[in-house]
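Subject: Handover of a structure and notes on it

Dear colleague,

Please find below the structure that I am handing over to you. My notes on it follow, and I would ask you to read them with the model open.

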Amino acid sequence: MTLFDAYIKKLADYQQELRAKGRQVREIYCPTEVSELTEGLPVRVGSQDSGGIILRGDTFLELGNPEAGSCAFLMWTDKPPLIQDGKITLIGPDIPESPGASLPFGQVLMVGGAGLGEGEHALLEGNQFIADQIEGYMIKSVSQLMWSRVSRDAAGKGFNFETLGRALMAIFKSAVPKIEAMEVIFVTSSKEDLQPLENIDEQVREISHNITREIWQAKGYDIECTLSWDCRSCEYKPVCDEIREVVRVRKKKSKKTKTAADS
Amino acid sequence: MTVKGLERFKQDRDALQFAVQGFEQSQSPERQLTVALVKAILDNYNRIIASAEEGKPFIANSYANAPELLAALNLPWYTLSQIPYLPTSEPYILDEIDEAERAGLGTDMCTLIRLGINNVEAGRVPLPTAFIGLLSLCDGTNMLHQAIAHNKDWHNIPVFCTDAPYLESERSIDFHADELRRMVSFLEEHTGRTLDVDRLREVIEESNKQYELWAEYNELRRAVPCPHSAAKGSQAWSVAQNYMVGDRRGTEWFRQLVDITEQRVSEGKGSIPNEKIRLFWFDIRAIWFPEVTEWLKAEWGVCIVMDMTGYAPYTLIDPSSEESMFKGLAKRNLCDVPMVRQVRGTADTLINDLMMVVKDYKIDCVVWPAHMGHKDGAASVGIMREVCRDLGVPFLQIGLDLFDKRYTSMDEIKDRISKFFTAMGLG
C-alpha cells in the first residue's frame with residue numbers, strides 16, 4: 001500500500017458529493033495505449049509542440065487564475081486496480097463552452113503501476129508541469145499554481161478537456177513506462193467546489209514533501225536543514241541524530257500516553 | 001536646515017535628475033520605462049529629503065519588510081541594501097568597500113551588508129524616524145540592526161525587526177502575520193501615523209495588479225529569443241518592491257512593459273541579435289553586471305533569461321479582510337521575495353524553482369555565482385548540482401563578490417565561463 005491510497009478513496013467521495021449537489025459530471029473513457037491516446041487529437045503532443053507563448057490576445061480561455069481558484073496535484077499507487085485506466089472525469093463546463101472565460105481549475109492526476117515507488121516520485125511530480133509539450137496549451141510559469149491558457153487556434157481545432165486529458169496520459173505513459181493505469185479529474189464548476197480538493201491537496205503535499213525529503217536523505221542531503229550541506233561531511237551530524245532520536249522517543253511516548261488515556 | 005546624512009542624498013538626487021534628462025533624449029519605449037523608474041526613485045529621494053528637513057517621519061529598512069504597509073502608512077522609506085544598486089552609487093563602490101574594511105568590518109561578511117553598515121557609519125544616509133528589519137535570510141542581515149544601533153548618531157533610533165519562521169506552514173504564516181501587525185503598531189507609535197485598512201486594501205489591490213502583470217511579462221520572457229536582457233527583470237522588482245509599491249504609476253509601468261514586450265515577441269525580436277545560450281543566473285544581479293553581460297552577449301550570444309530578482313512568484317493577496325491581507329503580506333514577505341524565498345527555509349523551494357525555471361524558460365545552463373556573502377545558499381550547492389544533473393542541464397559555480405569586482409577579477413570570471421561553455425559544448 002502506498003501513502004496516497006487513502007486519498008484516492010477520498011477523491012471518490014469528493015466526486016460523489018459533487019454529484020449529489022447536482023453538478024454536471026461527465027465521464028470520458030479513452031484508449032489506454034500511448035499511440036491510441038494521441039491518435040486523432042486536434043493538436044500535436046510532444047516535446048516543443050506547444051508553438052510557443054500564448055499571448056493575452058490569442059487566448060481563448062484561462063484556467064486557474066488565482067482569483068478564479070486553482071488546485072492541482074498528483075497521486076501514485078502501486079495498485080493499478082485502484083485507478084480506472086483511461087478515465088477522464090470533468091466536473092463543470094468544458095473548454096468549447098466557455099469562450100473568453102477565466103474558469104476555476106482543479107486537476108488531479110492519478111497513476112498506478114505495480115512497479116511504481118518512491119524512485120519515480122520526482123519524475124511524476126515534475127511531469128505535471130508539461131512546459132511546451134501540448135500545442136495550443138500553455139501552463140504559466142507560476143509555482144504552486146496550475147494556471148494555464150488555451151489558444152484560440154487550438155480551441156478552433158476542437159481542443160477540449162478530453163484532448164488535454166489524453167495528451168497528459170500520453171505524456172506520462174511515455175515518460176514513465178512503469179505506469180499501467182492513469183486517470184484524470186478536471187474541476188471547473190466553481191471556486192467553492194475546489195475547497196475540499198484543496199484540503200486533500202494540503203495532505204498530499206505533506207506526503208509528497210516527506211517522500212522528497214527521504215529521497216534527498218538517501219542521496220546524503222537534508223533539505224530541511226539550515227545548513228543543508230552533505231550530512232556525511234557535517235560536523236553537527238551527531239547532534240542532529242540525537243535530536244531526531246529524542247523526537248522519536250517523545251512521539252512514541254506521547255502516543256503511548258494517548259492510547260492509555262483513550263482506553 | 002542642515003540635517004546629518006542629507007548631503008550625499010542631495011548629491012545623488014541631483015545626479016539622478018541629470019540622468020533623467022539624459023535618458024529622456026531616447027525615444028526607445030524600453031528606455032522610457034527606465035526614465036519612469038528613475039523619476040520614481042527621484043521622487044522618493046525628494047520625499048525623504050523634504051521629510052528630513054521638515055521634521056516629518058520617514059523610515060530606513062534593511063530588506064523585505066512588506067513595503068505595502070509602509071506605502072499604506074504614507075511613510076517614505078529608503079532601503080540600506082538598495083542604495084549600492086543605484087546608478088549614483090556605482091562610481092564610489094570600490095572606495096566605499098575599502099573604507100568599510102578600514103573601519104574594521106570583516107571581509108567575510110556579505111559586502112552588501114558591509115556597505116549598508118558603512119553608509120551609516122560614514123553618515124551618508126539621513127537619520128530616520130525609525131528602522132525596521134527582518135531577522136532572516138543570512139547571518140549579515142541578522143546583525144545589521146545591531147551594528148547600526150552602536151553608531152553614536154543612531155543609538156536613539158527605535159528599531160524593530162520582524163522574526164521570520166523557518167517553515168511555510170499555516171502556523172508560520174500566521175506567526176509572521178502577527179509580526180507584521182506588531183511592526184505596524186511600532187511604526188504607528190513612533191511616527192504618529194495610523195494604518196487605515198481601506199487604504200491598505202487600495203495599496204494591495206494595486207500591487208496585485210502589478211504582480212499579475214509582472215507574471216504576464218515573465219511568461220513573455222519564455223519566448224525564444226528572449227525579448228529583453230535580465231536588467232528589465234531587475235527593474236520590475238524595483239518598481240513593485242521599492243519605488244512604486246501599490247502605486248498606479250507602477251501598474252501603468254507594468255502595463256506598458258507587457259505591451260511593448262508582446263509586440264517584440266510577436267515580431268520575434270530578441271534582446272540580442274543571435275541568441276545562442278539561454279542562461280539562468282541563480283542569484284541576484286551583480287553591481288558590475290553590465291561589464292560581463294555585454295561580453296557574454298558579444299562573445300557567446302548569451303542571454304540571461306532569468307535571475308532571482310526577475311523571478312516573480314508573488315502571491316496575489318486576498319483583500320477581503322484585514323486578516324486575509326496580513327496573511328497574504330506575510331506569505332509574500334516570507335515566501336516570495338528574492339533570497340528570502342530561496343534560502344530562508346527548507347530546500348524544496350530552491351529545488352522546485354530550479355526545475356521550473358529550467359524547464360519553462362528553455363534554459364541551456366545554470367550559473368550559481370557563489371557570492372561570498374551567500375553562505376546560506378552556498379550550503380545548497382550540492383543539491384543544486386544534483387537537480388541540474390537530473391535535468392540534464394550544465395551547472396557552474398564560480399565564487400565571486402557581487403559588489404567587489406576585485407574579489408574575483410572580471411578576466412577570471414570570463415575565463416571560467418568560457419571554459420565552462422566550451423567544455424559543455426554550448427559555444
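In what order do the four strands of the open sheet in chain B lie, and is the pairing parallel or antiparallel? The order is β6-β5-β7-β8, and the strands pair in the parallel sense. At the edges are β6 (302-307) and β8 (395-397) of chain B, each of which pairs on one side only. On average, neighbouring strands of this sheet are turned by 30° against each other, direction ignored. Please keep in mind throughout that this is a predicted model.

Within that sheet, strand β5 (residues 277-281) of chain B runs parallel to strand β7 (residues 365-368) of chain B, and three bridges join them. One residue to look up is W281(B), whose bridge partner in β7(B) is V367(B). As general background, strands of a sheet pair through backbone hydrogen bonds, either parallel or antiparallel.

Chain A offers an example of each sense of pairing around strand β4 (residues 87-91). Strand β1 (residues 25-29) of chain A pairs with β4(A) in the antiparallel sense over five bridges; here E27(A) stands opposite T89(A). Strand β9 (residues 181-187) of chain A pairs with β4(A) in the parallel sense over four bridges, and V187(A) in β9(A) is the bridge partner of I91(A). Strand β4(A) is mostly covered, as four of its five residues are buried.

On a broader scale, the domain assignment divides chain A into domain 1 (5-215) and domain 2 (225-262). The centres of these two domains of chain A, taken over C-alpha atoms, are separated by 37 Å.

The two chains also meet. In this contact, 25 residues of chain B touch 22 residues of chain A. On the chain B side, α8 (197-220), α10 (248-266), α14 (348-360) and α16 (381-391) each supply at least two residues. Helix α14(B) gives the most, with seven residues. By type, the chain B side divides into eleven nonpolar, five polar and nine charged residues.

Turning to the interior, which residues touch the most other members of the largest nonpolar core? They are F280(B) and V366(B), in a core of 202 residues. Helix α8(B) provides the largest share of this core, with nine residues. Leaving aside residues up to four places away in sequence, V366(B) touches F280(B), F282(B), L354(B), V358(B), C388(B), V393(B) and F395(B).

Why is helix α5 (residues 111-121) of chain B described as largely enclosed by the rest of the structure? Eleven of its eleven residues are buried, so the rest of the structure largely encloses this helix. Among the buried residues of α5(B) are R114(B) and E121(B). What covers them includes α4 (93-102) and α6 (139-149) of chain B. After α5(B) comes G123(B), which has a positive phi, near 70°.

A last residue to examine is C138(B), in the loop between β3 (130-135) and α6 of chain B. Is C138(B) buried or exposed? A residue counts as buried if 20 or more other C-beta atoms lie within 10 Å of its own; C138(B) has 22 within 10 Å, and therefore it is buried. Apart from residues up to four places away in sequence, C138(B) touches C110(B), G373(B), H374(B), K375(B) and D376(B). By contrast, A298(B) lies 160 residues from C138(B) along the chain, and their C-alpha atoms are separated by 35 Å.

With kind regards

Definitions and conventions. Residues are numbered from 1 along each chain as its sequence is written. Chains are lettered from A and ligands numbered from 1 in the order in which they are written. This is a predicted model: local features need pLDDT of at least 70, side-chain atom pairs count only at pLDDT 80 or more; totals for chains, interfaces and linings use all residues. Domain bounds come from an automatic or database domain assignment. A residue is buried if 20 or more other C-beta atoms lie within 10 Å of its own, exposed if 12 or fewer, and partly exposed in between; C-beta atoms are placed from the backbone. Two strands pair if DSSP finds at least two bridges between them. Axes are lines fitted to C-alpha atoms, for helices over the stretch in contact, and angles run from 0 to 180 degrees between N-to-C directions. Two residues are in contact if their C-beta atoms, placed from the backbone, lie within 7 Å. Ala, Val, Leu, Ile, Met, Phe, Trp, Tyr, Cys and Pro count as nonpolar, Asp, Glu, Lys and Arg as charged, and the others, Gly among them, as polar. A nonpolar core is a set of buried Ala, Val, Leu, Ile, Met, Phe, Trp, Tyr and Cys residues joined through C-beta atoms within 7 Å.
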